[in-house]
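Student: Could you take me through one part of this structure up close? I'd like to start from a single residue and work outwards from there.

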Amino acid sequence: MFSFLRRGASALALCAALSSCERIGTRMEITHTREISQYEATPKLHAYAQERFGDERLSWKTPEGWARAERSQMRPVNLTFGPNGEGECYLAMLPGGAGGVLANVNRWRKQMGQPELDEAALEQLPKKVLMGIQGVFVEVDGAYTNVGATEAKADHRLIGIIASLGEAGLFVKMVGPKALVVTNTAAFEEFVASLKLRMPQ
Amino acid sequence: MSAKPASLPARLFAFLSSYGLAVVVLSFLLLITYLGTVAQKDLGLLDSQRKYFDSWWLIHDFHLGDMVLPVPLPGGGLLMVALFFNMLCGAVIRIRKGWRTIGVLISHLAILFMLAAGFVSFLFKTEGAMPLFEGQASDQYQSYHERILEIRRFDAAGKGEPAARVIPMRHFADLAPGKARVFHAGDLPFEVQVTGYRRNANVVQSDEAGSIEGYRIQEVSNAKEDEANTSALEITVKIKDGAEQKAILWERAAEPFTVDAGGSAYTFALARMKWKLPFAIRLEDFQRELHPGTMKARKYTSHVTKITDGREEPKVVTMNVPVRDQGYVVYQASFSQGANGEQSVFTVAKNPSDQWPLWSCVAVAFGLCLHFLMHLVRFLRRALQSKTA
């Protein structure tokens with residue numbers, strides 16, 4: 001009996017050693033299927049490329065080395081940069097303008113731990129064009145406290161443009177470790193210059 | 001008179017059952033466990049697991065100062081197979097059998113059973129995520145790592161077929177730019193050529209030569225955690241009437257690419273593999289408790305309804321208290337805060353050998369207890385005999 005077991009074990013070992021892998025060639029037949037759940041949403045058929053890739057209303061150039069992050073209704077363009085995506089740059093479009101230009105400049109300054117500006121100081125800020133509209137350019141260094149965060153991140157830089165279009169506000173904001181933001185400032189300029197409204201097709 | 005040389009099977013058996021093989025295999029297992037654990041820091045969990053533990057062999061770069069020394073090593077797969085046969089031949093077949101060794105034999109068989117459990121789990125286990133908003137129901141879970149190219153057919157009224165065609169990731173993951181493979185099926189009115197697969201990529205607007213529909217794939221470095229990677233690839237759909245359509249498929253695309261062929265619409269999507277459950281889960285209420293003053297979770301609790309063939313059953317899933325049914329286990333994994341509110345994230349696993357390691361551990365413990373008990377009894381008996389003598 002034990003000699004039979006011995007032979008069986010040896011044969012099993014040989015089979016394991018010689019077991020062949022799936023053959024993958026230049027042409028393959030599709031043989032796998034998956035059952036569709038009744039709870040699964042029906043996809044939109046014939047969606048054009050901009051719909052598929054979430055760029056229905058805007059066009060822009062993503063700078064080389066930057067990545068797309070999850071976008072939201074508030075942030076139709078949401079990008080990250082840096083070796084571990086520690087820098088962020090996004091476009092926000094708010095119908096109500098979120099309190100006006102001064103309030104938003106001061107909100108950003110507060111996030112960086114800096115004192116508020118008054119109207120006179122706001123007038124002194126440099127101007128930049130965002131999607132054809134002149135806005136104010138903000139550059140603040142300090143310790144950055146993100147919305148909802150409990151701890152400030154030291155030695156950060158925030159740069160951004162705030163522009164008003166009637167009641168609505170357009171915001172481009174870039175924030176990250178200072179050295180990283182400095183090396184990506186040219187990419188920020190490139191991104192801002194490339195932002196355009198997409199015309200209906 | 002010289003002894004008859006051993007036959008090849010006998011020599012193979014002697015090798016497989018040798019102590020030498022056991023020592024070598026266990027030493028290498030110790031080494032690759034150490035190297036694989038350290039490598040997780042740089043490679044991430046999935047890649048280090050695949051390189052060190054799911055492989056037949058590997059090349060590890062030892063850093064000696066400024067010098068890099070590549071050393072080929074046996075992988076975890078090869079070592080586990082070798083250990084299984086070494087145990088089977090040496091510790092089960094070759095071992096002296098009798099009442100004195102019954103405990104050890106039970107323990108050895110239980111260890112073999114544990115190795116078999118690992119093998120069954122490696123081959124057949126499926127695991128994925130099921131994220132649900134309150135009020136939302138689902139009867140499927142989505143793989144963390146396995147990507148698929150999925151083709152679905154819709155009729156003229158927009159009604160989809162109940163099953164999708166699936167091209168598994170192992171059939172296209174090697175198709176870097178410059179490499180292509182054609183996929184076909186007898187009842188499909190087209191063939192699909194796949195190329196340019198990138199494990200982690202953006203799809204960016206572009207008017208450069210070679211861009212497709214105003215877009216191109218921009219490769220980005222792989223995230224350490226594979227779940228964070230969003231893959232992309234290019235397809236060319238070659239319809240049998242001679243027309244061709246090109247598209248980029250991206251995991252994060254909001255909608256699939258559609259091609260009309262043979263009177264039907266076919267959608268193409270790059271997605272994570274989804275498996276269907278024999279029951280549905282509806283999230284009724286999600287509660288989370290945080291440690292005071294922090295965002296760290298103390299406890300997540302999901303009140304769910306399990307729906308099986310229309311029959312509804314209330315259940316509570318919380319950390320370390322999963323719901324088990326029909327071989328599936330639904331765990332509370334995490335939650336996410338999205339634009340649409342709070343989302344409870346469950347991990348669903350199906351593993352035919354789910355409980356085997358537990359049974360194996362119980363059997364190992366029983367075998368060893370029996371063995372030590374028999375030794376103790378023999379020792380006491382001898383001690384008593386020597387006293388009475």
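Tutor: Sure, let's start with A:Leu45. Leaving aside residues up to four places away in sequence, A:Leu45 touches B:Phe154, B:Gly158, B:Thr258, B:Ala265 and B:Thr267. Keep in mind as you look around that this is a predicted model. A:Leu45 sits in the loop between strand 2 and helix 2 of chain A. Is A:Leu45 buried or exposed? It counts as partly exposed, because 16 other C-beta atoms lie within 10 Å, and a residue needs 20 or more to be buried, or 12 or fewer to be exposed. For a sense of scale within chain A, the C-alpha atoms of A:Leu45 and A:Ala187 are separated by 36 Å, with those positions 142 residues apart along the chain.

Now zoom out to where the two chains meet. In total, 41 residues of chain A are in contact with 51 residues of chain B. On the chain A side, the elements that give two or more residues are helix 1 (2-18), strand 1, strand 2 (32-35), helix 2 (49-52) and strand 4 (67-68). Helix 1 of chain A gives the most, with 8 residues. By type, the chain A side that touches chain B divides into 17 nonpolar, 12 polar and 12 charged residues.

Strand 1 of chain A is worth a stop, as it also belongs to a sheet with strands of chain B. That open sheet has 5 strands in the order 1(A)-6(B)-7(B)-10(B)-11(B), and its pairing is mixed. At the edges you'll find strand 1 (27-29) of chain A and strand 11 (244-250) of chain B, each of which pairs on one side only. From one strand to the next, the twist averages 25°. Strand 1 of chain A runs parallel to strand 6 (residues 180-184) of chain B, and 3 bridges join them. If you want a spot to click on, A:Arg27 has B:Val182 in strand 6 of chain B as its bridge partner.

There's another pairing to look at, this time inside chain A. Strand 7 (residues 127-130) of chain A and strand 8 (residues 133-144) of chain A run antiparallel and are joined by 4 bridges. One partnership there is A:Val129 with A:Gln134. The hairpin these strands form has 2 residues between the strands, and A:Met131 takes a positive phi near 50°. In a regular strand, side chains alternate between the two faces of the sheet. In strand 7 of chain A, the covered face has A:Lys128 and A:Leu130, while A:Lys127 and A:Val129 are on the uncovered one.

Last stop is a helix pair in chain B. The axes of helix 4 (residues 76-93) and helix 5 (residues 102-124) of chain B come within 10 Å and cross at roughly 160°, which makes these two helices of chain B roughly antiparallel. The crossing is left-handed. Among the contact residues are B:Met80, B:Leu83 and B:Phe84 from helix 4 of chain B, and B:Leu105, B:His108 and B:Gly118 from helix 5 of chain B. Sorted by type, that contact has 12 nonpolar residues, 2 polar and no charged.

Note on methods. Residues are numbered from 1 along each chain as its sequence is written. Chains are lettered from A and ligands numbered from 1 in the order in which they are written. This is a predicted model: local features need pLDDT of at least 70, side-chain atom pairs count only at pLDDT 80 or more; totals for chains, interfaces and linings use all residues. Two strands pair if DSSP finds at least two bridges between them. Axes are lines fitted to C-alpha atoms, for helices over the stretch in contact, and angles run from 0 to 180 degrees between N-to-C directions. Two residues are in contact if their C-beta atoms, placed from the backbone, lie within 7 Å. Ala, Val, Leu, Ile, Met, Phe, Trp, Tyr, Cys and Pro count as nonpolar, Asp, Glu, Lys and Arg as charged, and the others, Gly among them, as polar. Angles under 35 degrees count as roughly parallel, over 145 as roughly antiparallel, 65 to 115 as roughly perpendicular and the rest as oblique. A crossing is left-handed if the near helix is turned anticlockwise from the far one by less than a right angle, and right-handed if clockwise.
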